[in-house]
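The following exercises treat the geometry of a protein chain. Please study the sequence and the structure before reading each solution.

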Amino acid sequence: MGRLQDKVTVVTGAGSGIGRGIAHKCAAEGAVVIVTDIDESAAAAVVDEIGGGASAYRVDVTDRATVDAMVADVMAEHGRIDVLVNNAGWDVGMPFVDTEPDFWDRVIAINYVGTLNTCHAILPIMAAQNSGSIVNLASDAGRVGSSGEAVYAGAKAGIIGFSKTIAREHARHRITVNVVCPGPTDTALFASMGGDNPRLREGLTKAIPFRRLGTAQDVANAVAFFASDEASFITGQTLSVSGGLTMV
Ligand SMILES: NC(=O)c1ccc[n+]([C@@H]2O[C@H](COP(=O)([O-])OP(=O)(O)OC[C@H]3O[C@@H](n4cnc5c(N)ncnc54)[C@H](O)[C@@H]3O)[C@@H](O)[C@H]2O)c1
């Protein structure tokens, strides 16, 4: 028996990177994984890799209608949602003064409002069940700041405050809400933010006490713990998975 045996587990942005790692880890722990992504073929490819009871949905977290359609379908098929992992995220690195309001809107929509959309749709279901776990992906950028990521860092800091508040509001329904903050993690997003530059990679690697970048698996392990019943008395917490890069 896995730690997430038969738990119906919705993961956003699960078509690649950390979300794909989370989908794999949750499936290995016995979960019925609902693999959602704005890129439908990427989600379908992950379901093919996982096999079993997993299913793929095209969900744009910024578009509430696509969230609601997925939730309705999952409820019709499974009758419950046990775990929600808000992983979808996006950014382009640049100094704040070079950014424009259209870019702010997009960063805030994907990294902040997307999580509001899924939580708003799924919290009432978990409350009616009197059980559920929500794990929100923020970033160390949201805890300690990160040059070139001002608006993203603000949105991710928002995720932390939001998560603590819904954790308080829903403890009486035995719903846990926790936040995982990856440090530099080797994914397409990291590469697009400068991680494909060997000098930056090397500099970051040297700065990390464990002397390596994070992997999707490292982050997925922490997510699976928070999603499991082993964490049923842990809520409103924020955990960095960064090889010790940040310790405050
Ligand atoms: N990689 C890092 O170094 C790092 C560090 C800190 C935090 N994070 C966070 O971890 C999470 C995953 O990041 P990643 O590195 O795996 O990124 P990634 O770009 O490799 O994967 C993100 C996935 O989200 C999907 N996506 C993008 N916009 C979406 C939308 N509107 N609706 C639904 N899906 C959407 C993409 O299609 C992609 O499959 C993000 O929340 C990110 O902010 C990553």
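A crossing is left-handed if the near helix is turned anticlockwise from the far one by less than a right angle, and right-handed if clockwise. Helices (H or I, at least four residues) and strands (E, at least two) are DSSP runs, numbered from the N terminus. Residues are numbered from 1 along each chain as its sequence is written. This is a predicted model, in which local features need pLDDT of at least 70, side-chain atom pairs count only at pLDDT 80 or more, and totals for chains, interfaces and linings use all residues.

**Exercise 1.** Describe how α1 and α9 cross.

Step 1. The axes of α1 and helix α9 (residues 216-227) come within 8 Å and cross at roughly 50°. Axes are lines fitted to C-alpha atoms, for helices over the stretch in contact, and angles run from 0 to 180 degrees between N-to-C directions.

Step 2. Angles under 35 degrees count as roughly parallel, over 145 as roughly antiparallel, 65 to 115 as roughly perpendicular and the rest as oblique. α1 and α9 are therefore oblique to each other.

Step 3. The crossing of α1 and α9 is right-handed.

Step 4. Among the residues making this contact are Gly17, Ile18 and Arg20 of α1, and Ala216, Gln217 and Val219 of α9. Two residues are in contact if their C-beta atoms, placed from the backbone, lie within 7 Å.

Step 5. By class, the contact of α1 with α9 has nine nonpolar, five polar and two charged residues. Here Ala, Val, Leu, Ile, Met, Phe, Trp, Tyr, Cys and Pro count as nonpolar, Asp, Glu, Lys and Arg as charged, and the others, Gly among them, as polar.

**Exercise 2.** Apply the procedure to α3 and α4.

Step 1. Helix α3 (residues 64-78) and α4 have axes that come within 9 Å and cross at roughly 30°. The two helices α3 and α4 are therefore roughly parallel to each other.

Step 2. The crossing of α3 past α4 is right-handed. Its contact includes Val67 and Val71 of α3, with Ala121 and Ile122 of α4.

Step 3. Six nonpolar, two polar and two charged residues form the contact of α3 with α4.

**Exercise 3.** State the strand order of the sheet and place helices on it.

Step 1. The open sheet has seven strands, ordered β3-β2-β1-β4-β5-β6-β7, with parallel pairing. Two strands pair if DSSP finds at least two bridges between them.

Step 2. β3 (55-58) and β7 (238-241) are the edge strands, each pairing on one side only. From one strand to the next, the twist averages 20°.

Step 3. α1 packs on the sheet, and its direction makes about 170° with that of β1. Helix α6 (residues 150-170) lies across β5, β6 and β7, at about 165° to β6.
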